[in-house]
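Ready for a few exercises? Have a go at each task yourself, then follow the solution step by step.

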Amino acid sequence: MNAPLDYRSIPEPLDAEALAAWLKRKYPDRITGELHLPRTAGTYASLPEDLDPRLVRALKGRGIERLYSHQAEAWVRARAGENLVIVTPTASGKSLCYNLPVLQGVLERKAKALYLFPTKALSQDQVAEILELSAGGELGVRAHTFDGDTPGDARKAVRVHGDIVVSNPDMLHQGILPHHTKWAQFFEGLRYVVIDELHSYRGVFGSHLANVLRRLRRVCRFYGAEPQFIFASATIANPADLAQQLSGLPVGAVTRSGAPRGEKRLLLWNPPLVNPDLGIRASARSQTNRIARLAVKAGLKAIVFARSRLMVEVLTKYLKDVFDPDPRRPPRVAAYRGGYLPSERRAAEARMRRGEIDCVVSTSALELGVDIGALDCCVLNGYPGAIAATWQRIGRAGRRERSALGVLVATSEPLDQYMVRNPEFFFGASPEQARIAPDQLLILLDHVRCAAFELPFVQGEGFGGEPLEEMLAYLEEQGILHHEGDRWHWIADSYPANSVSLRSVAEGNFVVIDIGEGRQDIIAEVDYSAAPMTLYEGAIYMVQSAPFQVERLDWAGRKAFVRRTRADYYTDAIDYTKLKILDAFERQAGAGREVAHGEVHLVRRVAGYKKIRYYSHENIGFGDIRLPDLEMHTTAAWWQLASGLLERRFPQRQQALDGFLGAAHAMHQVAILMQMAEPRDLGRAVGDGEAEWFATVGAAGRGQIRSPEGGEIAPEQADRFRPALFLYDNYPGGVGLSAPLFDQRDTVVARAHALIQGCDCRHGCPACVGPILASDEVRGYSPKGAALQVLELFANSAGDAEDAEGRAI
């Protein structure tokens with residue numbers, strides 16, 4: 001049944017349960033799975049007998065007469081001095097698990113505490129909560145944020161008088177540790193370090209934080225302090241292990257929640273097929289838009305999560321066109337994402353808390369625990385890439401024991417399709433492990449530099465898992481350190497923390513400046529890595545769905561000058577990636593195939609952009625982009641086949657090329673699932689191992705070979721045709737994702753083969769081999785069959801002896 005989703009036909013008002021029933025009755029063919037979590041009662045414990053009477057008074061003033069069982073357990077274990085991680089669902093009162101022991105410590109012994117949150121918004125929420133408790137019990141506790149927005153004249157007062165300083169890892173790294181002598185009084189009394197949203201510290205960010213905490217503990221020891229660590233996390237598979245890796249200390253876990261939970265229902269939604277032969281489905285964007293409209297029309301408060309900032313703006317425009325046609329009236333729909341100015345984000349949060357916004361469209365920025373009030377419905381435009389992230393987002397609806405509905409709308413990506421076609425896997429899968437690699441050499445060396453600036457290193461001192469003295473000797477050779485006696489002293493003029501970004505590969509955000517009507521107003525900020533894809537000249541940059549056109553980009557000055565426009569289209573950049581093999585650390589060769597793991601040089605070029613009309617989504621034009629290439633060294637696993645073997649197995653190079661691209665699409669999705677990685681952390685590419693050409697899928701859905709300059713080359717005309725399929729770590733130096741793929745190379749290939757073989761399409765589709773448009777009849781062969789043949793050659797251990805001797809490899 002492919003009837004369109006008509007939001008005007010829904011009866012109103014409805015609660016979340018009634019909306020779920022209406023959707024199931026109206027569109028049963030689109031719902032592939034359903035999970036119902038019934039309402040559960042809470043488990044409680046009395047307020048602790050040793051709790052300070054002033055804290056008891058503060059709690060009772062907020063209507064809290066007893067604790068949830070996990071809060072009581074955390075109190076006992078924290079009071080015993082144990083390092084802890086609290087792992088309970090969203091809105092289960094985790095903050096009280098650490099606030100109570102910390103506030104007790106402040107009252108009993110004038111303890112100091114440092115709270116770290118990944119975002120400024122969370123920091124401000126927490127300070128507000130502490131000050132509310134302090135006022136309710138007349139505690140006199142002084143809690144302050146210390147971040148980039150803290151005025152200069154207030155910073156000394158925070159350092160000297162703050163009992164609880166609430167900050168973020170970036171500020172600790174750049175603004176506190178390098179100036180620790182100004183914080184001497186604070187560090188001498190530091191007894192607690194609280195780190196919330198632990199699950200967000202994975203990959204590169206988590207690896208950096210582990211080193212920042214090594215530096216923190218080193219500075220604390222200098223001042224005679226050994227603080228206790230308390231972490232809080234959403235559900236992941238290895239919370240205690242991750243907390244131990246971050247802190248370098250044994251950490252116990254509190255995992256059994258005593259909080260009550262409202263009824264929740266999750267629907268897995270697969271858009272209807274519009275072309276069964278090609279496996280093309282209605283877009284997830286259109287389905288998400290219509291489901292959100294239904295929820296708002298039914299009188300529910302809704303949140304929509306999109307996977308990119310561009311999609312947030314497009315969905316916001318579509319919803320505003322329906323619910324906010326009159327700009328004179330207060331908006332019912334709002335966008336929320338990184339890049340907006342802090343004042344705009346704070347205002348949006350306040351409007352959401354007051355219930356003035358009926359629907360908010362967000363990136364993962366609202367996945368974390370910012371208080372945005374009570375919501376009834378959560379719609380996910382695409383699978384977030386991780387089970388834990390999915391539940392975290394769905395958990396944003398149904399706070400305060402309200403019933404809630406979550407709808408996961410699948411895109412045509414293989415991972416999305418696998419999840420909605422195998423609901424038993426999704427519902428039964430345990431959350432992923434959060435992985436970090438704090439001893440990755442580039443990251444570790446950055447923080448050894450920072451630590452040496454803060455305090456001299458002493459002979460025999462440790463820092464991380466790599467030999468420290470080798471790194472110190474290297475820094476001495478570079479003229480950064482001076483070795484005298486048993487100490488290494490910092491002698492360079494530079495300030496090392498300023499050149500180390502915890503979250504991205506390069507420093508220097510871009511500011512977006514509105515120059516309309518003679519203004520020079522900063523309206524947004526874009527991080528360095530996203531700028532080439534969003535701020536090229538001619539780009540449409542949107543703020544709360546309002547379109548601005550980029551007229552000039554000052555790359556060196558990190559400024560984009562924009563002007564308001566009435567364009568009826570948005571822009572989407574096209575980028576290419578080419579890799580060159582530098583060194584193989586491990587390899588397995590034979591039977592005409594080679595699989596290896598090693599170092600590669602990566603060049604990413606943003607070559608052009610498409611103009612896409614709203615609603616119809618037709619491509620109405622192209623533009624060229626001329627920006628510097630982005631380059632990095634990283635690690636990768638790669639698969640190659642001997643050219644002689646390819647010539648015998650494929651009648652045309654085009655067929656082999658399409659097979660490689662289809663195999664890469666499937667292997668990439670399988671690798672993300674196996675590694676439980678964030679999709680952005682692991683990249684894929686097909687190209688010549690010597691970077692003589694790289695491959696991409698053209699507008700007609702067929703593979704293309706391009707020269708290093710971006711020009712198209714006919715596959716039969718390439719001087720050398722020896723494709724390599726790369727799965728690479730998408731960060732400088734690598735973060736340890738590609739090495740396990742080499743170790744599990746046979747499993748990766750076998751599962752990719754099973755994914756494609758098990759797909760219901762005839763010739764290949766977006767759910768198995770990628771964006772295929774030309775059919776079997778047009779090509780004269782099946783791209784699905786070509787991808788399967790490439791994978792079979794990767795897996796085949798038997799083959800031509802001449803090839804096995806490496807003639808063409």
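**Exercise 1. Check the overall size against the globule rule.**

Step 1: The protein has 809 residues, and a compact globule of that length would have a radius of gyration near 28 Å. The rule behind this is 2.2 Å times the number of residues to the power 0.38, with the radius taken over C-alpha atoms.

Step 2: Now compare: the protein has 28 Å, which agrees.

Before going on, keep in mind that this is a predicted model, where local features need pLDDT of at least 70, side-chain atom pairs count only at pLDDT 80 or more, and totals for chains, interfaces and linings use all residues. Residues are numbered from 1 along each chain as its sequence is written, and side-chain values use heavy atoms, with hydrogens and water left out.

Step 3: Along the principal axes, the C-alpha trace spans about 80 × 80 × 60 Å. Of the 809 residues, 58% count as buried (under 20% relative accessible area; exposed is over 50%, partly exposed in between, with a 1.4 Å probe and protein chains only).

**Exercise 2. Describe how helix H2 meets helix H4.**

Step 1: Know what to look for. Two packed helices are described by the angle between their axes and the distance between the axes.

Step 2: Find the elements. The protein has 26 helices and 35 strands, which are DSSP runs numbered from the N terminus (helices are H or I with at least four residues, strands E with at least two). H2 covers residues 53-61 and H4 covers residues 94-109.

Step 3: Read off the geometry. The two axes come within 10 Å and cross at roughly 145° (axes are lines fitted to C-alpha atoms over the stretch in contact, and angles run from 0 to 180 degrees between N-to-C directions).

Step 4: List who touches whom. H2 brings Arg 54, Leu 55 and Leu 59, while H4 brings Leu 96, Leu 100, Leu 103, Gln 104 and Leu 107; contact means heavy atoms within 4.5 Å. By class, that makes six nonpolar, one polar and one charged residues.

**Exercise 3. Sort out three salt bridges.**

Step 1: Start with the idea. Side chains of opposite charge can pair when their charged atoms come close. The rule here asks for a side-chain nitrogen of Lys or Arg within 4 Å of a carboxyl oxygen of Asp or Glu, and the count comes to 38 salt bridges.

Step 2: Take Asp 50 and Arg 79, whose closest N and O atoms are 3.7 Å apart. Asp 50 sits in the loop between strand E2 (44-46) and H2, and Arg 79 in helix H3 (residues 69-79), so this pair links distant parts of the chain, 29 residues apart. Asp 50 is partly exposed at 39%, and Arg 79 is partly exposed at 32%.

Step 3: Try Arg 587 and Glu 594, at 2.5 Å between the closest N and O atoms. Arg 587 is exposed, at 51%, whereas Glu 594 is buried, at 6%.

Step 4: Finish with Arg 613 and Glu 618, which meet at 3.3 Å, N to O. Arg 613 is partly exposed at 28%, and so is Glu 618 at 40%.

**Exercise 4. Which residues is Arg 613 in contact with, leaving aside its neighbours within four places in sequence?**

Step 1: Locate Arg 613 in strand E28 (residues 593-613).

Step 2: Look around. Arg 613 is in contact with Asp 568, Tyr 569, Glu 618 and Ile 620.

Step 3: Check one partner. The C-alpha atoms of Arg 613 and Tyr 569 are separated by 4.1 Å, although the two residues are 44 apart along the chain.

Technical notes
Ala, Val, Leu, Ile, Met, Phe, Trp, Tyr, Cys and Pro count as nonpolar, Asp, Glu, Lys and Arg as charged, and the others, Gly among them, as polar.
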